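Morning, everyone. Let's walk through one model together, starting with a single residue and ending with the helices.

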Amino acid sequence: MATHEMGTNLFTPCKMGKFDLTHRVVMAPMTRCRAVDDTPLPAHAEYYAQRASEGGLLIAEGTAISNTGTAFPGSPGIYTEEQVEAWKKVADAVHSKGGIIFCQEFHAGRASNRVYQPGGAAPISSTNQSISDKWKIHMPDRSLDVYHKPRALQTHEVWQVIEQHRLAAKNAIRAGFDGVEVHAAHGFLIDQFLKDSINDRTDEFGGSIENRCRFLMEIIKVVVGEIGADRTGVRISPVVDYNDATDSDPLGLGLAIIERLNKFQDELGSKLVYLHVTRPRFMAAPTEEEGEDEEARLMRAWRKAYQGTFMSTGGFTRELGMKALVDGDADLISYGRLFISNPDLVHRFKVDAPLNSYNRETFYIQDPVVGYIDYPFLDQENKEVAH
């Protein structure tokens, strides 16, 4: 478990594996749709550098491990040499500010559409079941459409995707990232294997909870084998129902994953760098109180069970982040939307300054400036007021 004492707050230093964090405010990975031809632009380097801080951790947006992994227009990959070279500029920009940056390894699985697939093929998944029409996907022209019916991977193909995760991790380190986060949350491919409402397989990757966890654990094994446990984190969301990803026993699923992570760490003699868990309210306004007691019970059970650094995310404010740390409910708190509109969020939190409001209308547009790198810093605002 990370260094954690009574009185811990957002600005208490944290030993996260081999990384010495000067504070506990982490930038969560967020889709922003600014890449062109699946490749980051110079604007990406500026965006992440704006949000970097000395000894602070940034987790880059979901980054596709292969050309079948895309779910959004303008999302980047890490599977070609051109992409690796483009990400180098991003990593260098963050490091120049003293920051630490991880790459989130991503595969959409069935949460995609034929328009994003090579040759217009069906998206791949653990299952042939479609995501319901309740959920919509952003299309290249910014309209919303339905998710297309997926094709269940054959067993030998599952192993090919596991290998793609290893290669993506290798590429991430080559690109200068300090580590990777394996994205096993939010109804994307790995979560489609974990959740019993989706995984209807009859091979070694389906059925029992042991088998449903196998895909994730095999990925973690090859990623750790490639880059080391001290550069590998994992994100899970056992209770989040995004993209129809539900499980009949979310508490048990989370504990099953954690039990396997703990066992793997014990056998390895080394811990993963962190476990990143999404609270149920991650899509909701932070003022919502509904379900907080049940949510807190689940999160505390997972936090107590996991033997390592525990990061929590989902609807946190400065005050809620402080409270979670003081109460010992997490070692690190990651923030998404607040980081979009406040490039200097860490500084604003430190001095308890007012925050810029975010504009949802510009979250997922392709403009490399608007809603991306044009939010003002606190010192800019103060200068404008002075004038």
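**Contacts, cores and helix packing**

Start at Thr8. Beyond the residues up to four places away in sequence, Thr8 touches Arg24, Met322, Leu325 and Val326. Keep in mind that this is a predicted model. Thr8 sits in the segment before β1, which covers 14-16. Is Thr8 buried or exposed? Buried, because its relative accessible area is 2%, and the cut-off for buried is under 20%.

Next, Thr127. Find it in the loop between β6 (124-125) and β7 (137-138). Thr127 counts as buried, at 0% relative accessibility. Which residues are in contact with Thr127, once neighbours within four places in sequence are set aside? Arg110, Pro150, Arg151, Ala152, Ile198 and Asp200. Take Arg151 from that list. Thr127 and Arg151 are 24 residues apart in sequence, and their C-alpha atoms are 6.5 Å apart in space.

Now His276. This one is in strand β12, residues 274-278. His276 is buried, and its relative accessible area is 0%. Its contacts, not counting residues up to four places away in sequence, are Pro29, Ile59, Glu181, Val234, Arg235, Ile236, Met311, Thr313 and Ser334. For a distance across the model, go from His276 to Gly99. They are 177 residues apart along the chain, with 19 Å between their C-alpha atoms.

Val234 was on that contact list, so to speak, from the other side. Here is its own list, again leaving aside neighbours within four places in sequence. Val234 is in contact with Glu181, Val182, Ala184, Leu216, Ile220, Leu261, Leu272, Tyr274, Leu275 and His276.

That takes us to the cores. How many residues are in the largest nonpolar core? It has 84. Val234 is one of the residues with the most contacts inside it, along with Tyr48, Phe215 and Tyr335. Which element gives the most to this core? Helix α5, with nine residues. There is another core, apart from that one, with 15 residues. Cys33, Trp135, Ile137 and Tyr242 are among them.

On to the helix pairs. Two packed helices are described by the angle between their axes and the distance between the axes.

Pair one: α5, residues 209-227, with α6, residues 250-268. The angle is about 40 degrees, and the axes are 10 Å apart. That makes α5 oblique to α6. The crossing is right-handed. On the α5 side, the contact is made by Ile209, Glu210, Arg212, Cys213, Leu216, Met217, Ile220, Lys221 and Val224. On the α6 side, look for Gly252, Leu253, Ala256, Ile257, Arg260, Leu261, Phe264 and Leu268. By class, the α5 and α6 contact has twelve nonpolar, one polar and four charged residues.

Pair two: α3, residues 155-174, with α5. Here the angle is about 35 degrees, with the axes 9 Å apart. The crossing of α3 and α5 is right-handed. From α3, the contact uses Val158, Trp159, Val161, Ile162, His165, Arg166, Ala169, Lys170 and Ile173. From α5 come Arg214, Phe215, Glu218, Ile219, Val222, Val223, Glu226 and Ile227. The classes are eleven nonpolar, one polar and five charged residues.

Pair three: α1, residues 42-51, with α2, residues 81-96. The angle is about 25 degrees, and the axes are 8 Å apart. So α1 is roughly parallel to α2, because the angle is under 35 degrees. This crossing is right-handed. His44, Ala45, Tyr48 and Ala49 of α1 meet Trp87, Lys89, Val90, Ala93 and Val94 of α2. That contact has seven nonpolar, one polar and one charged residues.

Last, backbone geometry. Most residues other than glycine have a negative phi. Where does this model depart from that? Asp38 has a positive phi, about 65 degrees, and is not a glycine. Asp38 is in the loop between β3 (25-27) and α1. At 29% relative accessibility, Asp38 is partly exposed. Asp244 also has a positive phi, near 65 degrees. Its place is the loop between β11 (232-236) and α6. Asp244 counts as partly exposed too, at 22% relative accessibility.

That's the tour. Over to you.

Definitions and conventions:
Residues numbered from 1 in each chain as written. Predicted model: local features only at pLDDT ≥ 70, side-chain atom pairs only at ≥ 80, totals over all residues. Heavy atoms only, no water. Axes fitted to C-alpha atoms, helices over the stretch in contact; angles between N-to-C directions. Helix = DSSP H or I, 4+ residues; strand = E, 2+ residues; numbered from the N terminus. Parallel < 35°, antiparallel > 145°, perpendicular 65-115°, else oblique. Left-handed = near helix turned anticlockwise from the far one by under 90°. Contact = heavy atoms within 4.5 Å. Nonpolar A, V, L, I, M, F, W, Y, C, P; charged D, E, K, R; others polar. Buried < 20%, exposed > 50% of the residue type's maximum accessible area, 1.4 Å probe, protein only. Core = buried A, V, L, I, M, F, W, Y, C linked by side-chain atoms within 4.5 Å.
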